Amino acid sequence: MSDKEVILTQDGLKRLEEELENLKSVKRREVAERIKVAIGYGDISENSEYEDAKNEQAFIEGRILTLEKMLRNARIISNDDIDTDIVSVGVTVTVEDLEFGDTMEYVIVGTAESDPLQNKISNESPVGKAILGKSKGAIVDVAVPAGTIQYKIIDIKK
């Protein structure tokens, strides 16, 4: 991961800090204990418990490094910075699919916080890019693999 700026909301910052703290204080100890127990089984060259624990340890350490780098390069969007006149990171936007009439509500977040299952879409996603900077009432074209979808921005709120 490069030193790219990571855009986070206050909630996103809190979640990343909590994950980092959990990895450092809980998960590291748990995996160290698993390694210790696995070593107690004897020959580690053919010990699957030891291998699994070492792999988990490598994953945890990698995730810690990633989170630390993300937090170092974070730009926090506070509620005071959010303007509801245009779509920006941190707003909740309601859009209508002009072809089918469906309405969807999305929270625009940075890539580190995106979670499509919770309707949190990245500012770098196709929909996020298309609606970013637009105002209420605007009609935008979103390029998707199946063609183009037209959305109308119905509402923008904090």
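In the predicted model, valine 140 is placed in strand S6. This residue has a relative accessible area of 3% and is therefore classed as buried, the limit for that class being under 20%. When residues up to four places away in sequence are not counted, valine 140 touches Ala130, Ile131, Lys134, Ile149, Gln150 and Tyr151. Between the C-alpha atoms of valine 140 and proline 126 the separation is 11 Å, with the two positions 14 residues apart along the chain counted as their distance apart.

Strand S6, which holds valine 140, pairs with S7 in the antiparallel sense, and six bridges are found between the two strands. The connection from S6 to S7 is a hairpin that runs through two residues. Within this pairing, alanine 143 has threonine 148 in S7 as its bridge partner.

A further antiparallel pairing involves strand S3 (residues 92–97) and S4, which are linked over five bridges. Glutamate 96 has its bridge partner in S4, namely threonine 103. S3 and S4 form a hairpin with five residues between them, and glycine 101 in the turn has a positive phi of about 80°. S4 also pairs with strand S5 (residues 120–122), here in the parallel sense and over three bridges. In that pairing, serine 122 of S5 is the bridge partner of valine 109. In a regular strand, side chains alternate between the two faces of the sheet.

The loop between S4 and S5 contains asparagine 119. Most residues other than glycine have a negative phi. Asparagine 119, although not a glycine, has a positive phi of about 60°. Its relative accessibility is 36%, so asparagine 119 counts as partly exposed. Apart from neighbours within four places in sequence, asparagine 119 is in contact with Glu105, Tyr106 and Val107. Asparagine 119 and isoleucine 108 are eleven residues apart in sequence, and their C-alpha atoms are 8.7 Å apart in space.

Isoleucine 108 also belongs to the largest nonpolar core, which has 20 residues; Val87, Val93, Ile108, Ile131 and Ile153 are those with the most contacts inside it. The elements that give two or more residues to this core are S3, S4, helix H3 (126–131), strand S6 (139–144) and strand S7 (147–157). For valine 87, the contacts beyond its neighbours within four places in sequence are Val93, Ile108, Ile131, Leu132, Gly133, Lys134, Ile153 and Ile156. Three of the other residues with the most contacts inside the core, Ile108, Ile131 and Ile153, are thus among those in contact with valine 87. Another core, of 15 residues, lies apart from the largest one, and its members include Leu13, Leu23, Ile35 and Tyr50.

Two helical residues illustrate contrasting accessibility. Leucine 16, placed in helix H1, is buried, with a relative accessible area of 6%. Not counting residues up to four places away in sequence, leucine 16 touches Leu8, Arg63, Leu67, Met70 and Leu71. Leucine 16 and glutamate 68 are 52 residues apart in sequence, and the distance in space is 9.1 Å from C-alpha to C-alpha. Glutamate 56, by comparison, is found in helix H2 (residues 48–72) and counts as partly exposed because its relative accessibility is 27%, a value between the limits of 20% and 50%. With neighbours within four places in sequence left aside, glutamate 56 is in contact with Val31 and Arg34. Glutamate 56 and aspartate 141 lie 43 Å apart in space, C-alpha to C-alpha, and 85 residues apart in sequence.

The largest pocket has a volume of about 210 Å³. Its lining comprises 13 residues, of which Thr9, Gln10, Asp11, Asn79 and Gly90 are the closest to the pocket centre. Helix H1 (10–40) and strand S4 (103–109) are the elements that give two or more residues to this lining. By residue class, the lining of the largest pocket divides into four nonpolar, five polar and four charged residues. Strand S4 thus contributes both to the lining of the largest pocket and to the largest nonpolar core.

How values were computed
Residues are numbered from 1 along each chain as its sequence is written. This is a predicted model: local features need pLDDT of at least 70, side-chain atom pairs count only at pLDDT 80 or more; totals for chains, interfaces and linings use all residues. Side-chain values use heavy atoms; hydrogens and water are left out. On a 1 Å grid over the protein atoms alone, a cavity is a set of points where a 1.4 Å probe fits but cannot get out, and a pocket is an open set with protein on both sides within 12 Å along at least five of seven lines; lining residues have an atom within 4 Å of a point. Grid points are joined across faces, edges and corners, and a volume is the space filled by probe spheres set on the points. Helices (H or I, at least four residues) and strands (E, at least two) are DSSP runs, numbered from the N terminus. Ala, Val, Leu, Ile, Met, Phe, Trp, Tyr, Cys and Pro count as nonpolar, Asp, Glu, Lys and Arg as charged, and the others, Gly among them, as polar. Two strands pair if DSSP finds at least two bridges between them. A nonpolar core is a set of buried Ala, Val, Leu, Ile, Met, Phe, Trp, Tyr and Cys residues joined through side-chain atoms within 4.5 Å. Buried means under 20% relative accessible area, exposed over 50%, partly exposed in between (1.4 Å probe, protein chains only). Contact means heavy atoms within 4.5 Å.
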